[in-house]
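Hello,

Here is the structure you are taking over. My notes follow below it.

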Amino acid sequence: MTDEICPTCGSALAEVSETPTGRKLQRCTKNIWNAETHKSEGCPYVKWLEVPPETLDEKCPKCGSPLVLAVTRFGKKLKKCSTGGWDKDAKKATGCDYVEWINGTTEKLEEVCPDCGSALVLFTTNAGKKMKKCSTAGWDRATRQATGCTYVEWLK
Ligand SMILES: [Zn+2]
Ligand SMILES: [Zn+2]
Ligand SMILES: [Zn+2]
C-alpha cells in the first residue's frame, strides 16, 4: 500500500500495477474485482500514471532532435520527436510534429515457412502477443489487402 489517498472515498490506494499493454495504474483498495461477475465492485476510482517517455538512440528525420518512445492511453506505442508538444491553452501542437506509430516488432528467425520455404519472422504485437509469420507477408495499403504468403502461427 502507498501513502496516497483515494479522492473518491478516502481509502488508501493500492500498489502500482501494470496492464498487459504496459500502462501503469493504481486502484483504490476498496475496488475489488469479482471473478464471478467479471466486474469490479466497491470504489471505482482508478488513477492512471503517466508513463514517462523514453528517449531513444534515434534522431528525428525532420529536425535531428532525439526521438522519444511514448505510449498512448490505449497502449499503442509511437516514436515522436522530443521537441513536439501540445499547447493546452491554444489546443494545438507545438514544436516538431514528427510521429511514427509502432505496430509491434519483428525479429528474423532461423526457421523456414512450411508453406513457401521463405524465412520466418517473429512478430510481437504491442500487447505482447507473439506470432511467427512468413517474411514475404506484407500489406498493400492502396488495395488494403494482404500480399505474399499468409502463413501465421500464434505462439502461446
Ligand atoms: Zn476509493
Ligand atoms: Zn523533429
Ligand atoms: Zn511463406
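Burial is low in this predicted model: 11% of the 156 residues of the protein chain count as buried. Among contacts in the protein chain with a separation of 6 or more, 23% are between residues 24 or more positions apart.

On secondary structure, the protein chain has 17 strands and 0 helices. Its radius of gyration is 21 Å, whereas the globule rule gives 15 Å for 156 residues; the value is well over the rule, so the chain is more spread out than a compact globule. The C-alpha trace spans about 60 × 50 × 30 Å along its principal axes.

The domain assignment splits the protein chain into domain 1 (1-49), domain 2 (54-102) and domain 3 (105-155). Taken over C-alpha atoms, the centres of domain 1 and domain 3 are 37 Å apart.

One sheet to look at is an open one of 4 strands, paired antiparallel in the order 6-7-8-11. Strand 6 (54-59) and strand 11 (99-102) are its edge strands, each pairing on one side only. On average, and with direction ignored, neighbouring strands of this sheet are turned by 30° against each other. Strand 8 (residues 77-81) runs antiparallel to strand 11, and 4 bridges join the two. Within that pairing, Leu-78 has Trp-101 of strand 11 as its bridge partner.

Two loop residues have backbone angles that you may want to look at.

His-38 sits in the loop between strand 3 (31-34) and strand 4 (39-42). His-38 is not a glycine, yet its phi is positive, at about 55°. Is this residue, His-38, buried or exposed? His-38 has 7 C-beta neighbours inside 10 Å, and the cut-off for exposed is 12 or fewer, so it counts as exposed. From His-38 to Gln-26 the distance is 19 Å, C-alpha to C-alpha, with their positions 12 residues apart in sequence.

Lys-91 is found in the loop between strand 9 (85-87) and strand 10 (92-94). Phi of Lys-91 is also positive, near 55°, again in a residue other than glycine. Lys-91 is exposed, because 7 other C-beta atoms lie within 10 Å, and a residue with 12 or fewer falls in that class.

That is what I have on this one.

Regards

How values were computed. Residues are numbered from 1 along each chain as its sequence is written. Chains are lettered from A and ligands numbered from 1 in the order in which they are written. This is a predicted model: local features need pLDDT of at least 70, side-chain atom pairs count only at pLDDT 80 or more; totals for chains, interfaces and linings use all residues. Domain bounds come from an automatic or database domain assignment. Two strands pair if DSSP finds at least two bridges between them. Axes are lines fitted to C-alpha atoms, for helices over the stretch in contact, and angles run from 0 to 180 degrees between N-to-C directions. The radius of gyration is taken over C-alpha atoms; the globule rule is 2.2 Å times the number of residues to the power 0.38. A residue is buried if 20 or more other C-beta atoms lie within 10 Å of its own, exposed if 12 or fewer, and partly exposed in between; C-beta atoms are placed from the backbone. Two residues are in contact if their C-beta atoms, placed from the backbone, lie within 7 Å.
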